[in-house]
Amino acid sequence: MSTIEIEYCVPCGFLDRALTVEEAICRQFADQLDRISLVMGDHGVFIVRVDDEVVFDKADDPFDVDDIVRRVRPHVAGR
């Protein structure tokens, strides 16, 4: 079972994005997760980690919920 952390920028108003990603991940992988958590941050951060490994960072890639779910899949599927 995996843990997922979504760190998002509070001042930037990224809570809605974080909730959208959380919901999409839960729909796909809820039975394969120990925990999914939202972590408040700042300075424009939006990072998704699976078991402490960064699978998405807004600084490097455009925000796309479907792409984020695809990046999570190999880390949780089949565990």
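This is a short tour of a predicted model, with suggestions on what to select at each stop.

**Stop 1: the nonpolar core**

Start in the middle of things by selecting Ile-4, Ile-6, Val-21, Ile-25, Phe-46, Val-48 and Val-72. The largest nonpolar core has 24 residues, and these seven touch the most other members. Now colour the elements that supply two or more residues to this core: the strands β1 (2-9), β2 (33-41), β3 (46-50) and β4 (53-57), together with the helices α1 (15-29) and α2 (65-76). In soluble globular proteins, nonpolar side chains tend to be buried together.

Keep Val-72 selected and show what surrounds it. Apart from neighbours within four places in sequence, Val-72 is in contact with Ile-4, Ile-25, Phe-29, Val-48, Val-50 and Val-55.

**Stop 2: two helices side by side**

Next, hide everything but α1 and α2. Two packed helices are described by the angle between their axes and the distance between the axes. Here the angle is about 45 degrees, and the axes of α1 and α2 are 10 Å apart. An angle of 35 to 65 degrees falls in the oblique range, so α1 and α2 are oblique to each other. Turn the view until one helix lies in front of the other: α1 passes α2 in a right-handed crossing.

To see the contact itself, select Thr-20, Val-21, Ala-24, Ile-25, Gln-28 and Phe-29 on α1, then Val-65, Ile-68, Val-69, Val-72, Arg-73 and Val-76 on α2. Colour them by class and you should find nine nonpolar, two polar and one charged residues in the contact of α1 with α2.

**Stop 3: Gln-28**

Stay on helix α1 and pick out Gln-28. Is Gln-28 buried, exposed or partly exposed? With a relative accessible area of 45%, Gln-28 is partly exposed. Leaving out neighbours within four places in sequence, its contacts are Val-69 and Arg-73. For a sense of scale, draw a C-alpha to C-alpha line from Gln-28 to Thr-3: the two are 25 residues apart in sequence and 14 Å apart in space.

**Stop 4: Arg-49**

Move over to strand β3 and select Arg-49. This arginine has a relative accessible area of 17%, and a residue under 20% counts as buried, so Arg-49 is buried. Show its surroundings and look for Thr-3, Ile-4, Glu-5, Glu-7, Val-54 and Val-55, which Arg-49 touches when residues up to four places away in sequence are not counted. From Arg-49 to Phe-29 the C-alpha to C-alpha distance is 14 Å, with their places 20 residues apart in sequence.

**Stop 5: two loop residues with positive phi**

Most residues other than glycine have a negative phi, and most peptide bonds are trans. The last two selections go against the first of those habits.

Select His-43, in the loop between β2 and β3. Its phi is positive, about 60 degrees, although His-43 is not a glycine. His-43 is exposed, with a relative accessible area of 77%. Val-10 is 33 residues away from His-43 in sequence, yet their C-alpha atoms are 8.7 Å apart in space.

Finish with Asp-52, in the loop between β3 and β4. What is the phi of Asp-52? The value is near 70 degrees, positive in a residue other than glycine. Asp-52 is exposed too, with a relative accessible area of 72%.

Methods
Residues are numbered from 1 along each chain as its sequence is written. This is a predicted model: local features need pLDDT of at least 70, side-chain atom pairs count only at pLDDT 80 or more; totals for chains, interfaces and linings use all residues. Side-chain values use heavy atoms; hydrogens and water are left out. A nonpolar core is a set of buried Ala, Val, Leu, Ile, Met, Phe, Trp, Tyr and Cys residues joined through side-chain atoms within 4.5 Å. Buried means under 20% relative accessible area, exposed over 50%, partly exposed in between (1.4 Å probe, protein chains only). Helices (H or I, at least four residues) and strands (E, at least two) are DSSP runs, numbered from the N terminus. Contact means heavy atoms within 4.5 Å. Axes are lines fitted to C-alpha atoms, for helices over the stretch in contact, and angles run from 0 to 180 degrees between N-to-C directions. Angles under 35 degrees count as roughly parallel, over 145 as roughly antiparallel, 65 to 115 as roughly perpendicular and the rest as oblique. A crossing is left-handed if the near helix is turned anticlockwise from the far one by less than a right angle, and right-handed if clockwise. Ala, Val, Leu, Ile, Met, Phe, Trp, Tyr, Cys and Pro count as nonpolar, Asp, Glu, Lys and Arg as charged, and the others, Gly among them, as polar.
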